[in-house]
Amino acid sequence: MTTETAPPTAQAGPRALAWQRRRHSVARFWKQYRTRRAGLLGLATLVLFALVAVTAPLTVGSDVSSVTAAPGRPLQGPSGELPLGADRFGRDLLGLLVWGARVSLLVGLLAAVLSVAIGTLVGVTAGHFRGMYATVMMRITDWFLVMPTLVLAIALATVMSRSLGTVILAIGVTSWPTTARLVRAQTLAVESRPYIERARALGGGHRHIMLRHVLPNVMPLVLAQTTLMISSSILAEATLAFLGLGDPTVVSWGGLLQDAREAGAVSSGDWWYLVPPGVAIAVVALAFTLCGRAVESVLNPRLGVAR
Amino acid sequence: MSTQDQHGRGHPHPARTRLRAPRLLAAALTLATALGATLAPAPQRAAAKEKRVLTVAVAQSVDSLSPFLATRLVSTSIHRLMYEYLTDYDPRDAHVVPGLATAWKPSPDKLTWTYTIRSDAKWSDGRQVTAEDAAWTFRKMMTDEGAATANGSFVGNFAKVTAPSPTKLVIELKKPQATMTALDVPIVPKHVWDKVRDFSKFNNDRSFPVVGDGPFVLTDYKPDSYVRLQPNKTFWRGAPKFDELVFKYYKDGDAAVAALQKGEVSFVSGLTPAQTAALRGQKNVKVNEAPGRRFYALATNPGAHARNGRRFGDGHPSLLDERVRHALFMAVDRRTLIDRVFQGHAVQGEGYIPPRFSTYFWKPSADQELSYDPAGAARLLDEAGYRKNGDGRRVGKDGRPITYRLLCHATDPNDKAVGQYLKEWWGKLGIGVTLDCLDNVTDPWLAGRYDLAFDGWSVNPDPDFVLSIHTCAALPATPKDTGATDNFICDRKYDELYARQLAEYEPAERADVVKQMESRLYDLGYMNVMAYPNAMEAYRTDQIESITTMPEKSGNIYGQDGYWSWWSAVPADSGTSSGGGSTGIVIGVGAGFVALAGAGAFLALRRRATAEDRE
């Protein structure tokens, strides 16, 4: 959250104390998180997928997406050489699945971060400033909230050129309003506490209060929201790619499904083209949701009581 | 692209309200019976009336229903059904047969043509079709720039068109014209169309049914949804045998195939190799594969300009160099494309006109051919002065690395697949490619905002039209206008040859000139034909008993040069399939309700049983 490093611990200054506190709370968080089996399962799955995606350049390499150097016949079934068969160009589907994980995860992460960043900005400022500004911002939020996300994203992706950036932007710009609402509510709750009033009395400006007091307090919520948002971003990316709005030269899971559909794999029953990317999307989305729920239940005391 | 809401996230209904089981059950049962009662008579009704509908799955959007504007295959095919032309092509071997004209005769100097118009043809509103209708149609295209958008090339050489009597049409020419027995122009009713004010705007989709004299009458149209036609019972060649013809839109190929498998549509075209293979073994489905009448080409922007000399668009300047265009095509391995993308269901591209039209088919000689040679292509680019920089990228005259925009149809899987191959092949040459896949390629295309583009036309038995779209005369008048031009090509030598072939009445001589034109076009390198895709289509044999292909031996069904396929289609005798479907629905709906009611009752009972435990 902050980039400063811990000073020498010769004397326990306020900085050192703060860091000690943070270390403690991380340890406490992990201790509680560890008790949630579903969360651990999700985390393990994520680590596995992340490892596969990060090491993809070493294990399969970018050649796997080359159409001119494809090893198999078009739509070849699974065999010893190609465990998941070949796509419509004769490329190795297992390799494509691994290679596609990079794009799907990257887009999911960046889109979620963008969406949560916008949501947090709008939420904190609207909760802090109130008045006219808040009314306007919240009406804009409402407008985005009632607009069907997918339709808006499709409209955006259609008018802009087809690239990864467009997809990230389209998802991020359309999915922030829930975060904004959540963060605003939390901001209002935090700002009603007495220490905010004290800070203000001591001469703390808007900037100081929002950055030093409100933001650290809404951060847990933001973190949980990001984790949950990633899974829906991955699904949205897959949906957009499946609808043919992604960059056709970039390999992603949704793009693989779209290719399969266009090649007629559905009607000809070439399951090896359809099932693996679909399962991969489902598993990663599920893993992020499990993690997100676990984080949420650890950080949000109100949810914790029910357990 | 269609955006049905099938991906929307539905919210499960929170059934928190307490419902008492008996009432719920009763309500569900009432609903089920009511639904059953409304659905049950459907099969009997269907059997009693038995309206035989021929449903054709299509994907291409209609550009316009006005025959003066439409150029897309789907629209011109529909116009063939709505309006009779002066002459038709025989379905067996495409020789010219009488249409609206029963006979025709040129004067000795070949400059005056006299057509005898048949007296047994009627418009669908009961009026007689006369020579004046035809004369008016041609005159309109000659005098009104807006009416000449689609078929202006046919009348560019007309001096005067008159109708001395209701059965006599006289066309006087400025110069001899070889296409006088192949005027592919829909003749429209004068008494309806002379009310139209602006021909460049009127799309003929306001009032239905649309008055016509073809085998079918257009009765209803909803963009990207359906086109509905009724048979014209008084059609002079004989009424079609189906009771209705519907072109139904399926923007997704697999959905169309699924509809065919379920019997919702009778005919599907444009199948992929995988779909063809899957449908081959199926019961009640016949797959028809035929050499196509289309070419599939790579068009290069020659610097878009209008007839008034004004340049527009932003084509890459390096493409004006013939060596660059040749180098690009030399890096294209057409054999791999046939083998991988079309999986053998296409013929390797050579000249402009597909080999199916053997009279006009031309292929480059061995030393003229731009055969696959990446090394040669690299040499040619070096020669042209486009050398590689430190990063291995070729640099344009402006000092920036070259990246071409390749315009592709988002709805065509082949475009995207071929685009990926091109990207890699040209990438090895040091040239970058961005694939611009759009649903609507027309706007950037007409504005000249592209470098390269995927292009394809269906060729008629008489090639005049596909040749005319590359002449200077086809260019738009000003940058704001829309011309008939395909790709803004304007070459004086080509134009001279075009004029020569148009004036040549001797078929062999004309074919020779047409081949010279193809050779010229090939050398220019603005239109590089990569393949002639086969027509791959399938129909249900339990709905269509027989249908005419064109040509009769190994011919296609969809997009013929005439109305033969849909006019000749004979319905199969089977009223059982639709009845079975409806019964199935009734049973399914009933079973669903019973299950729902059961589940509801169970839940409600359970909630009541645990009522004391809760709260």
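Here are three short exercises, each with a worked solution, on a predicted model.

**Exercise 1. The sheet in chain B**

Task: Work out in which order the four strands of the open sheet in chain B are arranged, and which strands are at the edges.

Solution:
- Start with the order, which reads β4-β5-β7-β6 in chain B, with antiparallel pairing.
- Next, look for strands that pair on one side only: these are β4 (101–106) and β6 (158–165) of chain B, the edge strands.
- Now take the pair β6(B) and β7(B), with β7 covering residues 168–173: the two strands run antiparallel and share five bridges.
- Zoom in on one residue: S165(B) has K168(B) in β7(B) as its bridge partner.
- Finally, consider the twist: on average, neighbouring strands of this sheet are turned by 20° against each other, direction ignored.

**Exercise 2. A helix across the sheet**

Task: Find which strands helix α4 of chain B lies across, and the angle at which it runs to β6(B).

Solution:
- Locate α4 at residues 131–143 of chain B.
- This helix lies across β5 (112–117), β6 and β7 of chain B.
- Compared with β6(B), α4(B) runs at about 160°.

**Exercise 3. Where the chains meet**

Task: Describe how many residues each chain brings to the contact, and what the side of chain B is made of.

Solution:
- Count by chain: 28 residues come from chain A and 26 residues from chain B.
- On the chain B side, α7 (253–262), α8 (273–280), α12 (413–429) and β16 (432–438) each supply at least two residues.
- The largest share there, eight residues, belongs to α12(B).
- Sorted by class, the side of chain B that touches chain A holds 13 nonpolar, eight polar and five charged residues.

Methods
Residues are numbered from 1 along each chain as its sequence is written. Chains are lettered from A and ligands numbered from 1 in the order in which they are written. This is a predicted model: local features need pLDDT of at least 70, side-chain atom pairs count only at pLDDT 80 or more; totals for chains, interfaces and linings use all residues. Two residues are in contact if their C-beta atoms, placed from the backbone, lie within 7 Å. Ala, Val, Leu, Ile, Met, Phe, Trp, Tyr, Cys and Pro count as nonpolar, Asp, Glu, Lys and Arg as charged, and the others, Gly among them, as polar. Two strands pair if DSSP finds at least two bridges between them. Axes are lines fitted to C-alpha atoms, for helices over the stretch in contact, and angles run from 0 to 180 degrees between N-to-C directions.
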